[in-house]
Amino acid sequence: MASERITLTIPGPDGERTLDLSSPNRAVWPAPSTGSGTGQGPITKAELAEYVQTVSTPFLTSTGNRPVSLERYRDGIDGESFFSKNPPKGTPDFVQSVMCTYNSGRKHPQIVLTETAAIVWAVQMNTVVFHPWASLASDADNPVELRIDLDPQPGTGFAEAIPAAHELRAVLREAGLEAFIKTSGNRGLHVFCPIVPEWEFLTVRHAVIAAGRELERRMPDRVTTAWWKEERGERIFVDFNQANRDRTMAGAYSPRALPGATVSTPIEWDELDDVDPTRFTVRTVPQRLADLGDPWAHMQDDPGRIDTLLTWWERDVENGQGEMPFPPEFPKMPGEPPRVQPSKKVAANWDENGEPIPGR
């Protein structure tokens, strides 16, 4: 009978650590579909633990030392999932935490991963997807990255996101920022720019909106910043709300809870036109790293500034393009337009300030 628990020995900054991995033969992913990864058979919890150890250096470069939310699946990706933000009871002392303030004003500690053993511990807790904040634990309120999510809408796909990403890179360069790119692990692309941590999340969100609007002006038939799905059409959506505090994307080198065991993978810009994101999986990414290295290894070496994008934001505000809607779980934000989709908004039911009239 297969062992129900194995003990792993993991090198760390303070010497070796031992960690028990329960149910190592449990299938996290059923056998990946042909063409999406090497090897046959399901990907087990033990194989996932091996993967995160292999990629731990680039993983920690992009996801370590920040607040992180863990997307956990007790019964593999076909089962139910839930998120962990607070360190659960029994968390080992090598898994750190930081007190975070959320948009509601409440505070609580959030998990911070700083070494390989901490990532493996997260796998032991049945984590599949890692969602890091855009800020460091040392200054959780001010992002070190401007993040833009290029999200294909129905009728579009990864191929349509490619030209949008290239043009977005040009937009960001005009604003004085150097962009880095990764696959989302699904259908989209994530574009990141390192920035100095001088602005809080809402200000960085305005910079993202400014970049998105400029991209939309240049590619109006292929790109949209429309928050309401009924207005997006068959275009690539610039999801500006992913720039909010506590709104996160799958981190670099994080697996995704998808049938192919795909991984959100940093790539070089000259790879983009020919890339097949389904080829980047838990089983193939380690060899890719061994062969090519990490395209994001030096991303934070020369952070930029968002002053130009904020100038564009102010220009757009003066021209009548103001605040954009926030996600529904957020409190009402200053200057925000009404949270009602356009097809359901009857003008007679709203006052001159864009607020609903009671009783209508």
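This is a short tutorial chat about salt bridges, a pocket and a cavity in one predicted model.

User: What should I know before I start?

Analyst: This is a predicted model, where local features need pLDDT of at least 70 and side-chain atom pairs count only at pLDDT 80 or more, while totals for chains, interfaces and linings use all residues. Residues are numbered from 1 along each chain as its sequence is written, and side-chain values use heavy atoms, with hydrogens and water left out.

User: How many salt bridges does the structure hold?

Analyst: General idea: side chains of opposite charge can pair when their charged atoms come close. Here a salt bridge means a side-chain nitrogen of Lys or Arg within 4 Å of a carboxyl oxygen of Asp or Glu. The structure has 22 of them. One of these joins Arg-17 and Asp-14, at 3.6 Å from N to O.

User: Which parts of the chain does the pair of Glu-174 and Arg-218 link?

Analyst: Helices are DSSP runs of H or I with at least four residues, strands are runs of E with at least two, and both are numbered from the N terminus. Glu-174 and Arg-218 form a salt bridge at 2.7 Å, N to O. Glu-174 sits in helix 4 (residues 158-174) and Arg-218 in helix 5 (residues 201-218), 44 residues apart. Helix 5 also holds Glu-214, which pairs with Arg-315 of helix 7 (residues 307-318), 101 residues away. Their closest N and O atoms are 3.7 Å apart.

User: Is Glu-214 buried or exposed?

Analyst: Buried means under 20% relative accessible area, exposed over 50%, and partly exposed in between, using a 1.4 Å probe and protein chains only. Glu-214 is buried, at 13%, and its partner Arg-315 is partly exposed, at 31%. Both belong to a salt-bridge network with Glu-167, Glu-174, Arg-217, Arg-218 and Asp-316.

User: What volume does the largest pocket have?

Analyst: On a 1 Å grid over the protein atoms alone, a pocket is an open set of points with protein on both sides within 12 Å along at least five of seven lines, a cavity is a set where a 1.4 Å probe fits but cannot get out, and lining residues have an atom within 4 Å of a point. Volume is the space filled by probe spheres set on the points, which are joined across faces, edges and corners. The largest pocket comes to about 410 Å³. Among its 21 lining residues, Asp-149, Gln-242, Thr-248, Met-249 and Arg-256 are closest to the centre.

User: And how many cavities of 30 Å³ or more are there?

Analyst: The search finds four, and the largest cavity has a volume of about 60 Å³. Its lining includes Arg-26, Lys-45 and Tyr-73.
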